[in-house]
Amino acid sequence: MFSSADHQYMAQALRLAEQGLYTTSPNPRVGCVLVNNDQVVGTGWHERAGQAHAEIHALRQAGDCARGATAYVTLEPCSHHGRTPPCTDALIAAGIVRVVAAMRDPNPRVAGAGLARLQAAGMSVSDGLMQAQAQDLNPGFISRMTRRRPWLRSKIAASLDGGTALENGISQWITGAAARQDVQHWRARACAVLTGIGTVLADDPQLSVRELDIGRQPLRVVLDSHLRLPPDARILQGGNVLVACLDDRLPQATALKAAGAEVLALPGRDNTVDLQGLLAELARREINELHVEAGARLNGELLRLKLIDELVLYLAPLLLGASARGLFELPALTEMAQRTDLDIIALDRVGQDIRLRARPR
């Protein structure tokens, strides 16, 4: 169905889409390549929400050469008015004769509508070319559209024997400088960063994106059932912080709000914050990817509730011993059938450390 040339041009469109890895939130990362008479006449990628989509950039570059061309797009062109006009109308007006999309729009309310609109206008339309690669670029957008919750990626640094901190809670630093710098890229691509109050009290982190100029900072979310977060905590610097608790009427809430935080009550069962409700709320706020940097308790609860979609585990070449704190605080298993099986999707060396990416089956 698709030629080697089709694969070549779609691969180029995917590389273009990747340039928006840190900046398109809450929109998807999309690239477009226009080809006429076996020549690339226009390229584009979506840079920021509210600005022109990838197809529009490519059409502007192509000019009159767009007439009679094929458009390779990593996501089905939009057919509705959002922050910008429909890309389908622009493609039709430009005289595009064929559209190849890597994947359909994951939004069930509009999936296939853009391609149907183009087909009705007389274009040759197809989709599914390099679909898996396109989906890998936008796991958060797909998750928010189909599951109404963000894609949750948990980063954990550990020793080779599975220790994340000493018995007394000291955890800085397990991994080397290269791994810590690598973490900045995962924070940068996320729409929000989640941590627990235990991590904040122990390490006083900022959890901001540093050394990368992406023009924004992710929303920082602190899970703090009883509002123990100090108003002078470093994570509150710069604002854009959401504190999820059991009761936002506690006296401490006033001081946190004065420090620039938003305090949100999400009471759940067993005197804990409703994690599933929190994810639903973040999706409502157009959070696509949620990056977690937390301790064993929160990671254990997320794993128990099957809310972790991906693990980014940094393993350092050192040993912390049997008394060190572990990766996940979970009830004791009594049968092997209760275990959590993982699929390893990538294994890389970062400085002296190993970065392992895995997804629960």
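1. Let's start with the loop that runs between helix 1 (4-18) and strand 1 (31-36), since Pro26 sits there. The peptide bond leading from Ser25 into Pro26 is cis, and its omega is near 5°. Do keep in mind throughout that this is a predicted model.

2. The elements flanking that loop also belong to the next part of the picture. Five strands make up an open sheet with mixed pairing, and their order is 2-1-3-4-5. The edge positions are taken by strand 2 (39-45) and strand 5 (124-127); each has a single partner strand, so one side of each has no neighbour in the sheet. On average, and ignoring direction, neighbouring strands here are turned by 15° against each other.

3. If you would like to look at one strand pair in detail, take strand 4 (residues 98-101) and strand 5. Their pairing is parallel and spans four bridges. Val99 has Val125 of strand 5 as its bridge partner. Helix 4 (residues 113-120) packs on the sheet as well, where it touches strand 4 and strand 5, and its direction makes about 160° with that of strand 5.

4. Helix 1 covers several strands: it lies across strand 1, strand 2, strand 3 (70-73) and strand 4. Relative to strand 1, helix 1 runs at about 145°.

5. Now a pair of backbone details that share one loop. Which residues to check? Asp204 is found between helix 8 (197-203) and strand 8, and Glu211 lies in the loop between helix 8 and strand 8 too. Asp204 is not a glycine, yet its phi is positive, near 50°. Glu211, again a residue other than glycine, has a positive phi near 70°. As for accessibility, Asp204 counts as partly exposed because its relative accessibility is 30%, while Glu211 is exposed, with a relative accessible area of 64%.

6. Helix 11 (residues 296-304) is a good place to look at burial. Its buried residues are Ala296, Leu298, Asn299, Gly300, Leu302 and Leu303. What do the buried residues of helix 11 pack against? Their partners are strand 6 (151-159), strand 7 (192-196), strand 8 (219-223), helix 10 (275-284) and strand 11 (289-292). After helix 11 comes Lys306, with a positive phi near 60°.

7. On the surface, Ile344, Leu347 and Ile354 together make a nonpolar patch of about 290 Å². Leu347 belongs to strand 13 (residues 342-350). Is Leu347 buried or exposed? Leu347 counts as exposed because its relative accessibility is 55%, and the cut-off for that class is over 50%.

8. One last residue to look at is Ala337, placed in the loop between strand 12 (310-316) and strand 13. At a relative accessibility of 71%, Ala337 counts as exposed. For a sense of distance across the model, Ala337 and Asp127 are 39 Å apart from C-alpha to C-alpha, with their positions 210 residues apart in sequence.

How values were computed
Residues are numbered from 1 along each chain as its sequence is written. This is a predicted model: local features need pLDDT of at least 70, side-chain atom pairs count only at pLDDT 80 or more; totals for chains, interfaces and linings use all residues. Side-chain values use heavy atoms; hydrogens and water are left out. Patches are made of residues with over 30% relative accessible area and no salt bridge: like charges are joined within 9 Å, nonpolar side chains (Val, Leu, Ile, Met, Phe, Trp, Tyr) within 5 Å. Accessible areas come from the Shrake-Rupley method with a 1.4 Å probe; for residues, only the protein chains shown count as cover. A salt bridge is a side-chain nitrogen of Lys or Arg within 4 Å of a carboxyl oxygen of Asp or Glu. Helices (H or I, at least four residues) and strands (E, at least two) are DSSP runs, numbered from the N terminus. Buried means under 20% relative accessible area, exposed over 50%, partly exposed in between (1.4 Å probe, protein chains only). Contact means heavy atoms within 4.5 Å. Two strands pair if DSSP finds at least two bridges between them. Axes are lines fitted to C-alpha atoms, for helices over the stretch in contact, and angles run from 0 to 180 degrees between N-to-C directions.
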